[in-house]
Amino acid sequence: MAHGLGHEHGPSKMELPDYKWWKTEGTPLNTVQEKLAEQGLRDPWGRNEAWRYMGGFANNVSFVGALLKGFKWGFAASVVAVGAEYYLETQKKDKKHH
């Protein structure tokens, strides 16, 4: 049964970049390749790990950065929760006296 909207059935194929796009030059993998070459060896799969050192994946995350990643949103949420708790408690106290 066709939907008539040009949609194809089943999952679409994911577009993968050409394997030649990933380069080990300028990454720690280049050092590994050079050390292997000194011994007459080569790592044909090194290129598959190059993505870890390129683009948005290349940003080094410090230990403190990992701990504080959600701190501002967590702190804001806790301030809102404490404010709501305080407001509700003052409303409850007002009802007891009347």
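Colleague: How many helices and strands are there in the chain?
Modeller: In this predicted model, the chain holds three helices and zero strands. Read from the N terminus, its elements follow the order α-α-α.

Colleague: What makes Phe 71 and Phe 75 an aromatic pair, and why is the pair called stacked?
Modeller: Rings pair if their centres lie within 6.5 Å, and planes under 30 degrees apart count as stacked. The centres of Phe 71 and Phe 75 are 6.0 Å apart and their planes stand at 20 degrees, so both conditions are met and the pair is stacked. By this rule, the count is one aromatic pair.

Colleague: Where do Phe 71 and Phe 75 lie?
Modeller: Both belong to helix H3, which covers residues 71-97. They are four residues apart, about one turn of the helix.

Colleague: Why is Phe 75 described as partly exposed?
Modeller: Partly exposed is the class between 20% and 50% relative accessible area. Phe 75 has 49% relative accessibility, so it falls in that class.

Colleague: How do you know whether Thr 24 is buried or exposed?
Modeller: Buried means under 20%. Thr 24 has a relative accessibility of 11%, and therefore counts as buried. Thr 24 is located in the segment before helix H1 (28-38).

Colleague: Which residues does Thr 24 touch, leaving aside those up to four places away in sequence?
Modeller: Thr 24 is in contact with Leu 29, Asn 30, Gln 33, Gly 46, Arg 47 and Ala 50.

Colleague: What share of the chain is made up of buried residues, and what area does the chain expose?
Modeller: Buried residues account for 7% of the 98 residues. The chain exposes about 9,500 Å², of which carbon and sulfur atoms supply 61%.

Key: Residues are numbered from 1 along each chain as its sequence is written. This is a predicted model: local features need pLDDT of at least 70, side-chain atom pairs count only at pLDDT 80 or more; totals for chains, interfaces and linings use all residues. Side-chain values use heavy atoms; hydrogens and water are left out. Rings of Phe, Tyr and Trp (its six-membered ring) pair if their centres lie within 6.5 Å; planes under 30 degrees apart count as stacked, over 60 as edge-to-face and the rest as tilted. Helices (H or I, at least four residues) and strands (E, at least two) are DSSP runs, numbered from the N terminus. Buried means under 20% relative accessible area, exposed over 50%, partly exposed in between (1.4 Å probe, protein chains only). Contact means heavy atoms within 4.5 Å. Accessible areas come from the Shrake-Rupley method with a 1.4 Å probe; for residues, only the protein chains shown count as cover.
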